[in-house]
Amino acid sequence: MNLTTMLKRIPILLLLVLPLILVGCEGDTGATGPAGPQGEQGEQGEPGEPGNPGESAIPYTYVGGYGQECQHCHARTSNDVEATGHTHAYTNMDPVDQENAYCLQCHTTGWDREVTYSGEWAEANPDTFGYDDYYGVDGDEAAARRVMLEAVQCESCHGPMGPDFNQHRPEMSFATLVGPEYPEDVVSQCYPCHKGQFEGPSGEAEAGYLWSGHATVAEGDLEAFNSEHYAHIGSCNGCHTSEGFIRDTDPAFLDYEFDDTVNFIGCVTCHDPHAGDEGSGFEAQVRTTAAVEVAYSYPYAPGDAEVPKMEDKGTGQLCAQCHHGRRDTDNVHGQITDGYAHFGPHHSAQMDLYIGAGCYQIGDLTYEGDHTHQNIAKACVDCHMVRETEVHGSTEDYAYHNFKVDLGTNCTSCHPSIDEAYVTDYQAEIEDLMNDLATRMGYTDYHDMEENWDSTADGVLEWQREAAYAAYFIIGDGSMGVHNPTYAESILNNAIAHWDANLDK
């Protein structure tokens, strides 16, 4: 037990010790006699009501105590949690906010009555043993209970351990949906206190997670999402579902038996509630910041030092775990030789284009992949999430979970005169190269080619597939070259040159 926890428990320990001190004042007692024979084990008593416990119960629904009751089975997890912001959510508050009910509802444990910014309290709930039930209450017991329930503790997410500890089964949710149309067990436990991440900062429409591609896949319909082919296939759901990603990145869940219903990518998919950067985890409590190699590693074998990879991009590494091409060398070479129903890289080649690698490269042609975008400290995160906005009366960096780039905030340090037209004009240049290649292939434009070209059709030659792969690589990235203009132009110009050279033979 660390010093902070000991200090927090002093008030309640004094309450427990005081009766012993008073009994000790009655006078000396004689020597203790020999113990009598062991009696038969009696029947277990019925659990008592909260506040009036029976033999197998504890006095409160919310125990508190910073997870000390969990230590005997979950010592490592409990120690990890101690280093997160949740554990310091109360002590890091300004003293004036420690008296403010509006703030305390998200910085304490067991608070189950919503308080509006104007100070209006919701109707009382049946449970009477959370922090809100001791707020403003006089007396030593109330003071001691407030200390025990400070900050966001285990029970905030996993439910109260009392009044019968033996009956407690931790609540577990891997969901990130919100709204009355969803049953309680698939609604995010994060929403009540992290509404800004869901809905965006106050006054900024469609700025939060609810408008992201992660939340709107299958039009946000959980049943429809579960009927998609990728939801229950092991090779797919590691990137398409919350449960699959957690299973693949957290060893503690490797053999965990998840429910049959899987959930969208959301809060606990990307953020580990138990481990932060001050302990055994990573910044922003993301689940991993591991380096990611391009799947198409030719001429090297996976794991070779020479294989291009994205690394050292902080929290941006989390995105790269899934947002890369995911077609290995054998698959890509098979596509070029024989064609493939899903021609090109997997539709998520953002990492590959960004680092300037991973596209099928033709013969001895030279490919350029270096671009200044690769110098961005956190890559995906710095461009797609971090913006300045007003939060609690001050301007500060804020993580926008709709993942949409804001040109004015994210690009002006390098492009002072940038606007929407600047970007679309550049994308139009890449689109022109795509259309040049598509018309050479006999299509009106690259959209026509994407919809109608069959790489397996009779008469399609290997060199044609070599050229076409570049267009499908750009399509798979989705930024129309913005992630790395140098590499985008290089692979498209080489593809066009390769097509023309073979036509002249």
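**Figure 1. Helix H2 and the lining of the largest cavity.** In this predicted model, helix H2 (residues 71-82) gives the most to the lining of the largest cavity, with three residues. The volume of this cavity is about 70 Å³. Its walls are formed by Tyr 66, Gly 67, Ser 78, Val 81, Glu 82, Thr 87, Gln 153 and Cys 154. Sorted by class, the lining has three nonpolar, four polar and one charged residues. Three cavities of 30 Å³ or more are counted in the model.

**Figure 2. The second largest cavity, with Arg 326 and Arg 327 in its lining.** This cavity holds about 40 Å³ of space. Its lining takes in Ala 295, Tyr 296 and Gly 325, together with Arg 326 and Arg 327. Pro 345, Asp 352, Gly 358 and Tyr 469 also line the second largest cavity. By class there are four nonpolar, two polar and three charged residues in this lining.

**Figure 3. Phe 473 and its contacts.** Phe 473 sits in helix H19 (residues 462-477). Is Phe 473 buried or exposed? Its relative accessibility is 1%, so Phe 473 counts as buried; the cut-off is under 20%. Beyond its neighbours within four places in sequence, Phe 473 is in contact with Pro 345, Ala 349, Asp 352, Leu 353, Ala 357, Gly 358, Cys 359, Tyr 487 and Ile 491. Pro 345 is 128 residues from Phe 473 along the chain, yet their C-alpha atoms are separated by 6.0 Å. Three of these partners, Pro 345, Asp 352 and Gly 358, also appear in the lining of the second largest cavity.

**Figure 4. The second largest pocket and helix H9.** The volume of this pocket is about 480 Å³. It is lined by 20 residues, and those closest to its centre are Cys 236, His 240, Arg 326, Arg 327 and His 346. H9 supplies the largest share of the lining, six residues. The lining of the second largest pocket divides into seven nonpolar, ten polar and three charged residues. Arg 326 and Arg 327 line this pocket and also the second largest cavity.

**Figure 5. The disulfide of Cys 239 and Cys 322.** The sulfurs of Cys 239 and Cys 322 are joined at 2.2 Å. The torsion about the S-S bond is about -95°, so this disulfide is left-handed. Cys 239 lies in helix H9 (residues 234-240), while Cys 322 lies in the loop between helix H12 (316-320) and helix H13 (329-338). The pair therefore ties together parts that are 83 residues apart in sequence. How exposed is each end? Cys 239 is partly exposed, with a relative accessible area of 21%. Cys 322, at 11%, counts as buried. The line between the two classes falls at 20% relative accessible area.

**Figure 6. The disulfide of Cys 106 and Cys 193.** Cys 106 is joined to Cys 193, with 2.3 Å from S to S. This link is left-handed, with -100° about the S-S bond. The pair links distant parts of the chain, 87 residues apart. Cys 106 is in the loop between helix H3 (101-104) and helix H4 (140-148). Cys 193 is in the loop between helix H5 (154-158) and helix H6 (195-199). Both ends are partly exposed: Cys 106 at 24% relative accessibility, and Cys 193 at 40%. The structure holds two disulfides. With the bonded cysteines numbered in sequence order, the pairing is 1-2, 3-4.

**Figure 7. Cys 383, Cys 411 and Cys 414.** Why is there no bond from the sulfur of Cys 383 to that of Cys 411? The closest cysteine sulfur to that of Cys 383 is in Cys 411, 6.1 Å away, and this is too far for a bond. A disulfide needs the two sulfurs within 2.5 Å. Cys 414 is likewise in no disulfide; its nearest cysteine sulfur, that of Cys 411, is 8.5 Å away. Cys 414 is exposed, with a relative accessible area of 64%.

**Figure 8. The chain as a whole, for orientation.** The chain has 20 helices and four strands. Of its 505 residues, 43% count as buried. Its accessible surface comes to about 27600 Å², and carbon and sulfur atoms account for 51% of that. Among contacts between residues at least 6 apart in sequence, 58% join residues at least 24 apart.

Technical notes:
Residues numbered from 1 in each chain as written. Predicted model: local features only at pLDDT ≥ 70, side-chain atom pairs only at ≥ 80, totals over all residues. Heavy atoms only, no water. Helix = DSSP H or I, 4+ residues; strand = E, 2+ residues; numbered from the N terminus. Buried < 20%, exposed > 50% of the residue type's maximum accessible area, 1.4 Å probe, protein only. Contact = heavy atoms within 4.5 Å. Areas by Shrake-Rupley, 256 points an atom, 1.4 Å probe, with all protein chains shown as cover. 1 Å grid on protein atoms, 1.4 Å probe; cavity = no way out; pocket = protein on both sides within 12 Å on 5 of 7 lines; lining within 4 Å. Points joined across faces, edges and corners; volume = space filled by probe spheres on them. Nonpolar A, V, L, I, M, F, W, Y, C, P; charged D, E, K, R; others polar.
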